[in-house]
2 protein chains.
Amino acid sequence: MADPRLTPLPTPCLLVDETRMKRNIARLAQHADQLGVTLRPHLKTTKSIEAARHVLAGGTGPATVSTLAEAEVFAEAGIADILYAVGISPDKLDRVIALHRAGCRLTVLLDCVAQAEAVVEAARASGIAIPAMIEIDADGHRSGLTPDDPELIRVGRILHDGGAELSGVLCHAGESYNVVGRAAHAEFAETERRAVVEAASALRAAGLPCPVVSVGSTPTAHGARDLTGVTELRAGVYVFFDLVMAGIEACSLDDIALSVLTTVIGHQEARGWTICDAGWMAMSRDRGTANQRVDQGYGLVCDEAGRLIPGLYVKQANQEHGVIARHPDFDGALPEFAVGTRLRILPNHACATAAQHQRYHVVPETPGAPLLDWPRFGGW
Amino acid sequence: MADPRLTPLPTPCLLVDETRMKRNIARLAQHADQLGVTLRPHLKTTKSIEAARHVLAGGTGPATVSTLAEAEVFAEAGIADILYAVGISPDKLDRVIALHRAGCRLTVLLDCVAQAEAVVEAARASGIAIPAMIEIDADGHRSGLTPDDPELIRVGRILHDGGAELSGVLCHAGESYNVVGRAAHAEFAETERRAVVEAASALRAAGLPCPVVSVGSTPTAHGARDLTGVTELRAGVYVFFDLVMAGIEACSLDDIALSVLTTVIGHQEARGWTICDAGWMAMSRDRGTANQRVDQGYGLVCDEAGRLIPGLYVKQANQEHGVIARHPDFDGALPEFAVGTRLRILPNHACATAAQHQRYHVVPETPGAPLLDWPRFGGW
């Protein structure tokens, strides 16, 4: 049963199931094709050049990132069309310019006059028509202008008239993470679509360009049925998926490609606890399933080969201790694990769990082939 | 008001106030002296050689760690007496032996027969009398044997008779994090003390050695009034402190030496939100104040110089977005922050927030002196 390739790995460590990952990547690529939009994958989940090569099908973009550090690493690796999808602050524009000078078309995101003025000033000073997207708020989730906000035209005009490149509008319906089922995600996808299409129309009606109309989140990207008027789809966590996505039925448990390999280090028999070495440092402090229909604690438990063991979860976590216990929803028989037993834990949130680690140990698609070692990076 | 030394730092990034850190270190060192016990600081919070030099007052130990990676880095840096305070698994003993061969006295922790047998086997095979402590459970928090458990003597005898070194007993009353105030922490310190002293007596009555009697957590270490029978005190997060510790009155807000420097990147005026670039990737997903008397969200907000701004907190966080909003407990006037404004966020949990970063930018005690750059490390 034990996989001899995993034996030398010190625990806790991060495993990727390449078969599942490739299936996840192919599924959304096909869906985007069917919808007639360009997929611009978000690389913030994986933060790995090797994973990016899979996600981008060996190409040089388009891609989305969440930090300038990601943009710099991926640009260095040859990715030439990157959207930095977090509102730009003026102090970061030097690095944006440097990326352009290094040959990467980096698009920035903004939603206010102060940002637009800073981008225009940097464009004038550098002679680079920095591409900028205006963020649109469809669901009150976070940032962005509502499509009917007069600031939209004002911001667009500052960019366009000031020597930046007004590339288009972008929306991320983050509230789609809080609804369950494909139909509900399809509704949010339509909310996203309507918001950006309305914003694009408003800009165009004001005589401004709006070539790119971008939407996306993992739930809406998979739920979308019709993206008329949209040109581009973004998603990130779908590459690995996780328990939060399974909890809202954006994937099944069998789609989850990321897990943490852990070793049993003790027991508290009277309490029915098995202690393992995957604490929150290995899993992250993310408790994204806490408010879902089923709270999965700090993760679900699989055997070393990745087969789910029904009835167990990581009930609590300290820095380097995970407490595996009976899930409150389960009353069947449970296995016992001797000290030294290796298990895998499926994470709540792939972005957060992966960020706790410095590399992926990839179990390759080819049976019996050696593990692959993919470094990942962090920082800003 | 702005500190020109902070201007070149890309945000988000981690700041340490050296003055506060040194004061925190000195306070507990003095308290341990008064109690007549050896302080064995836990280095898992800082994971930095430079910080360790401060905490260990330039010496080579004793120290506590939570991973073998920490033990290896600190041993390489000359720390020669290290306790690995997480239950040992058999597969990790090769690295324990390697550390001994490299000149580091590494003590392991265990609480069951299977672990003791594995340690004894490794001791025999290597010819190294691996020092081992038995973990004692005082409060049902996590791991350990209760002092009256007959397994205690059995485990002790396996170690002692089998060629390992039975170094003593250790307790961590983690439940002390859930009670408020110095008096409550003093009670938990007494609970810890009684448990280990009883366990040490039981071992000695059985003819076994028990030279080290070790207790500690940041709340109990500061709360302890009398440690008769105890030889060693452990604590970690006190070096930086955080909002969780302030929430249980183990420190004041003015003791918190760690913060995240962030830049304002936008607003949602209708909702009263200021958006900054310190999301959960910079703050961690730790919500340790969520169940305290005052929920501080993802952190409290200070100006760039570190002065608390009353009435604000980081209400919610996405991966690279923090939403600063009015704290529900506050009804006074609030300042406004232009895009580009720099702020500092005090974290819920220093161990978790620091782990999201690769370096500390240390604001030195000497006014106007250049910032110090202390790398930190992670991994296992």
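Which residue stands opposite A:Val264 in strand 11 of chain A? You'll find the pairing in the view of the hairpin below, one of several close-ups of this predicted model.

**View 1. Two domains make up the assigned part of chain A.**
The domain assignment puts domain 1 at residues 36-239 and domain 2 at residues 257-375 of chain A. Measure out from centre to centre over C-alpha atoms and you get 34 Å between domain 1 and domain 2 of chain A. Where the two touch, seven residues of domain 1 of chain A are in contact with six residues of domain 2 of chain A. On the domain 1 side, that set breaks down into two nonpolar, three polar and two charged residues.

**View 2. Chain A meets chain B.**
Here 43 residues of chain A are in contact with 42 residues of chain B. On the chain A side, five elements each bring at least two residues: strand 4 (81-87), helix 5 (113-126), strand 10 (258-268), helix 10 (280-283) and helix 11 (350-354). Strand 10 of chain A gives the most, with four residues. By type, the chain A side holds 17 nonpolar, 18 polar and eight charged residues.

**View 3. An open sheet of eight strands runs through chain A.**
Follow the strands across chain A and the order reads 2-9-8-7-6-5-4-3, with parallel pairing. Strand 2 (38-39) and strand 3 (63-65) of chain A are the edge strands, and each pairs on one side only. Zoom in on strand 8 (residues 212-215) and strand 9 (residues 232-233) of chain A: they run parallel and are joined by two bridges. In that pairing, A:Val215 sits opposite A:Leu233 of strand 9 of chain A.
Two helices of chain A are worth picking out as well. Helix 6 (residues 151-162) of chain A packs on the sheet and touches strand 6 (131-136) and strand 7 (165-171), with its direction at about 175° to that of strand 6 of chain A. Helix 7 (residues 182-205) of chain A also packs on the sheet, touching strand 6, strand 7 and strand 8, and its direction makes about 155° with that of strand 7 of chain A.

**View 4. Strands 10 and 11 of chain A form a hairpin.**
Back to the opening question: the residue opposite A:Val264 is A:Cys276, in strand 11 of chain A. Strand 10 and strand 11 of chain A pair in the antiparallel sense over four bridges. Four residues lie between the two strands of this hairpin, and A:Gly272 takes a positive phi near 70°.
A:Arg271 belongs to the loop between strand 10 and strand 11 (273-276) of chain A. Is A:Arg271 buried or exposed? A:Arg271 counts as exposed because just 10 other C-beta atoms lie within 10 Å, and the cut-off for exposed is 12 or fewer. A:Arg271 and A:Val239 are 32 residues apart along the chain, with 37 Å between their C-alpha atoms.

**View 5. Strand 11 of chain A also pairs with strand 14.**
Strand 11 and strand 14 (residues 322-326) of chain A run antiparallel and share three bridges. One bridge to look for links A:Thr274 with A:Ile324, its partner in strand 14 of chain A.

**View 6. Chain B has an open sheet of eight strands.**
The strand order in chain B is 2-9-8-7-6-5-4-3, with parallel pairing. Its edges are strand 2 (38-39) and strand 3 (63-65) of chain B, each pairing on one side only. Strand 6 (residues 131-136) and strand 7 (residues 165-171) of chain B run parallel, joined by six bridges. Within that pair, B:Ala132 has B:Leu166 of strand 7 of chain B as its bridge partner.
Helix 3 (residues 68-76) of chain B packs on the sheet, touching strand 3, strand 4 (81-87) and strand 5 (105-110), with its direction at about 175° to that of strand 4 of chain B. Helix 6 (residues 151-162) of chain B lies across strand 6 and strand 7, running at about 175° to strand 6 of chain B.

**View 7. B:Ile79 sits in a loop of chain B.**
The loop in question is the one between helix 3 and strand 4 of chain B. B:Ile79 counts as buried because it has 24 C-beta neighbours inside 10 Å, and the cut-off for buried is 20 or more. Setting aside neighbours within four places in sequence, B:Ile79 is in contact with B:Ala52, B:Leu56, B:Thr60, B:Gly61, B:Ala63 and B:Phe74. B:Leu233 is 154 residues from B:Ile79 in sequence, and their C-alpha atoms are 18 Å apart.

Notes. Residues are numbered from 1 along each chain as its sequence is written. Chains are lettered from A and ligands numbered from 1 in the order in which they are written. This is a predicted model: local features need pLDDT of at least 70, side-chain atom pairs count only at pLDDT 80 or more; totals for chains, interfaces and linings use all residues. Domain bounds come from an automatic or database domain assignment. Ala, Val, Leu, Ile, Met, Phe, Trp, Tyr, Cys and Pro count as nonpolar, Asp, Glu, Lys and Arg as charged, and the others, Gly among them, as polar. Two strands pair if DSSP finds at least two bridges between them. Axes are lines fitted to C-alpha atoms, for helices over the stretch in contact, and angles run from 0 to 180 degrees between N-to-C directions.
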